[in-house]
Amino acid sequence: MALRKSFSRHAPRNSHPIPYIKMAAPSLFSQHAVRADSVPQGRSDWALFPACSAPLPPARCPYAKMAAPGGSSGRRLVQYVVLRGDLQREPLSWPLGALVAQACHAALAAVHAHYGQADTGAYLAEGGSMRTVVLEALDECALTTLAETLKQHSIDHKVWIEQPENIATCIALRPYPKEEVHQHLKKFRLLK
């Protein structure tokens, strides 16, 4: 059995991960409390990680007073992602994983770019009940036309440009109430 050489790009096995409180955006996880059973015996530094956490009571959540599903305002927040359908067909034939990665990149970039928006914060606070709709644009032309329409109507979005190919693959809108943006997306069908 050959010994595995340790490469410098990998962290040493005995190194401790950086706690979230020392990272750039510690408030992202402030709405979570760590469950006692998620902390390994004798490792109190792991209590800083919300990976196995449960939400705090709503009053302690930073977005508790913002619009949420089922609230009195009745606004349902949704993030729309529009992916080019021609990428999965001949002659391009991208694998499914690559297509999913494009959608993930665009969605995360849109949320990151518009993190300060109240709707974005409320959407993220929804946790496991966030709603994302993935639609299909027929080709790059349809995607470009949609981007122009969204820009004309001042709808915040991110066009994901895959590198090094330098081609537009996906558009993600920041989270919006469905009624504010649906009319611009109704001609697109669900991605299959």
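Helix α2 is followed by G127, and the phi of G127 is positive, near 60 degrees. This comes from a predicted model, so the angle at G127 is a computed one. Turning to the helix itself, its buried residues are D119, T120, G121, A122 and Y123. What sits over these buried residues of α2 includes β3 (77-84), α1 (96-113), β4 and β7 (176-177).

A little further on comes R131, found in the loop that links α2 (118-125) to β4 (132-137). R131 counts as partly exposed because its relative accessibility is 32%, a value that falls between the 20% limit for buried and the 50% limit for exposed. Once neighbours within four places in sequence are set aside, R131 still touches R76, L77, V78, Q79, Y123, E126 and K178. One of these partners, Y123, is also among the buried residues of α2. Another is V78: although R131 and V78 are 53 residues apart along the chain, their C-alpha atoms are separated by 5.0 Å.

The other piece to look at is a hairpin. Strands β5 (residues 157-162) and β6 (residues 167-173) run antiparallel and are joined by six bridges. E162 of β5 stands opposite I167 in β6, and four residues lie between the two strands. Within this hairpin, N166 takes a positive phi near 60 degrees, and a positive phi near 60 degrees is likewise what G127 shows after α2. As for the strands, in a regular strand the side chains alternate between the two faces of the sheet.

Notes:
Residues numbered from 1 in each chain as written. Predicted model: local features only at pLDDT ≥ 70, side-chain atom pairs only at ≥ 80, totals over all residues. Heavy atoms only, no water. Buried < 20%, exposed > 50% of the residue type's maximum accessible area, 1.4 Å probe, protein only. Contact = heavy atoms within 4.5 Å. Pairing = 2+ DSSP bridges.
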